[in-house]
Amino acid sequence: MTGGTVRRFHYSSGNQLPNAVLDATPTSGNAPLTVSFDAVGSSDPDAGDILEYQWDFTDDGTVDATGLTASHRYPSMGTYTARLRVVDFAGLSDTATVQIRVGTAAPVPIIETPTTALRWSVGETVTFSGRATDPQQGTLPASGLSWQLVQQHCSTPDNCHSHPVREWTGAASGSFPAPDHEYPSYLELTLTARDSGGLTGSTTLRLDPKTVNIALATKPAGLRLNMNGRNFTTPNSTQVIVGSTNTLSAPGPQSLGPATYTFENWSDGGAATHVITAPATARTYTATYDGAPGSCADSYGYTCRTQTAVPFVPAGPTELPLTGDNDSASVSLPFPVPFYGQNYSRAWVDTNGTLSFVDSRGSWPANRPLPNAAAPNATLYPFWDDLVMHPESRVRTAVVGAAPDRQFVVEWRDMGLSGAPAARISFEVVISEWGQIIFNYAALNSGRELGNSATVGIENATGTGAVQYSYNQLVLANNKAIIFTPPAAG
């Protein structure tokens, strides 16, 4: 930059040669054969130069046609050279040629072995063989054959990219050890034949691998494992190629519900991170963890614990008028319920697995971690998820026991989970007259039914304090009650 200006300097040595590019369609076929030619790809490096196009279809030195495009009919068998000459305004020129074969066709390759029925495992020796015939030359010699092996690695069935593995030239047969690769992937074996005139033909065979399911589990269930760089919440499984090497890792420590867990051992005796060879049949690898109690409590003084083998208390006969999706109903409580220093006489029950002691102003299908200042608040969350009322679903209440030890029961029976048509779960809240709260569960199976998209806990009226037992974790189990106890002065 000089004097506040930007200058561009262009060097030119004078007029430059044009570039001839020739395209012909088709380049072979039976007689008579009409071929279309074009010179659209031709260019001149000197801007503004106008090119002249001269066509010689039989390379005999005669200009048979001019113009950017042309066509010619070859009446008889033979091999012809078509030539394009491009000339700029100063007389500089360039040429391009293409061979046209009339009455000839490309060779036809055939892969004889293996077939698509083959399923290979890593390290297995795969043998191959093939041949090719040519309309003019007959059976081609091995010197006219070449092979290419490619591994296709796919992120989805329709989204694959290739990794070249190996090539062979001048061979009618050969072999290779099946390569180690993650799944999904497959091999492509391509045979290419070339005749003495330079015409080629190719055929490709897809070879899929043998696969096996590797199941991943933890004790307790719901912890995370890593396999080949992918994280899995257990129980889970993944498909791999038989004989492939895979890296298993058990991270730790990790939290599940209110407890913290550290890795102890793998079922196969491997280290926390180790490599396995995929077996020929399905197998489960289990990582065992040791758990330490967590701080299931809040600053107000509520604490929580779990207790197994707690009977599920069916509610009834009162049935709340809840239907469909995202519905709520108000109920009168049979006794004043103490909760975070206040006594409540009414509750709002939501189809989405919540019970609020203040009007939540609607239904809340989208769960969040606790605490949260947004509504709902002053709420019990035995199973806060996007739930649906099916024809067989019911929400019932009951009062059991006698004063001063009465209990108010709200039961969500045979509830559906949005997006999971077959799922049905049952759970309940049992509120004691002195403020203890129990969540209990029945008919839970796997996945979302065990809580991996649900919030479980209790929260105060301002959304500033809460005891969160779990958030989107596989920690719930049938007849394993979660018990929330208020402070002694509560």
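These exercises cover the disulfides of this predicted model.

**Exercise 1.** Find out which cysteine C154 forms a disulfide with, and which hand the link has.

Solution. Step one is the distance: the sulfur atoms of C154 and C160 are 2.0 Å apart. A disulfide needs the two sulfur atoms within 2.5 Å, so C154 and C160 count as a pair. Step two is the torsion: the angle about the S-S bond is 95°, and the link of C154 and C160 is right-handed.

**Exercise 2.** Decide whether C154 and C160 are buried, partly exposed or exposed.

Solution. Buried means under 20% relative accessible area, and exposed means over 50%. C154 has a relative accessible area of 8%, so C154 is buried. For C160 the value is 28%, which makes this residue partly exposed.

**Exercise 3.** Treat the disulfide of C296 and C304 in the same steps: distance, torsion, accessible area.

Solution. The sulfur atoms of C296 and C304 lie 1.3 Å apart, and the two residues form a disulfide. The torsion about their S-S bond is about 100°, so this disulfide is right-handed. C296 is buried because its relative accessible area is 7%. C304 has a relative accessible area of 13%, so C304 is buried too.

**Exercise 4.** State how many disulfides the distance rule gives, and write the pairing of the bonded cysteines in sequence order.

Solution. The count is two disulfides. One joins C154 and C160, and another joins C296 and C304. With the bonded cysteines of the chain numbered in sequence order, the pairing reads 1-2, 3-4.

Notes:
Residues are numbered from 1 along each chain as its sequence is written. This is a predicted model: local features need pLDDT of at least 70, side-chain atom pairs count only at pLDDT 80 or more; totals for chains, interfaces and linings use all residues. Side-chain values use heavy atoms; hydrogens and water are left out. Buried means under 20% relative accessible area, exposed over 50%, partly exposed in between (1.4 Å probe, protein chains only).
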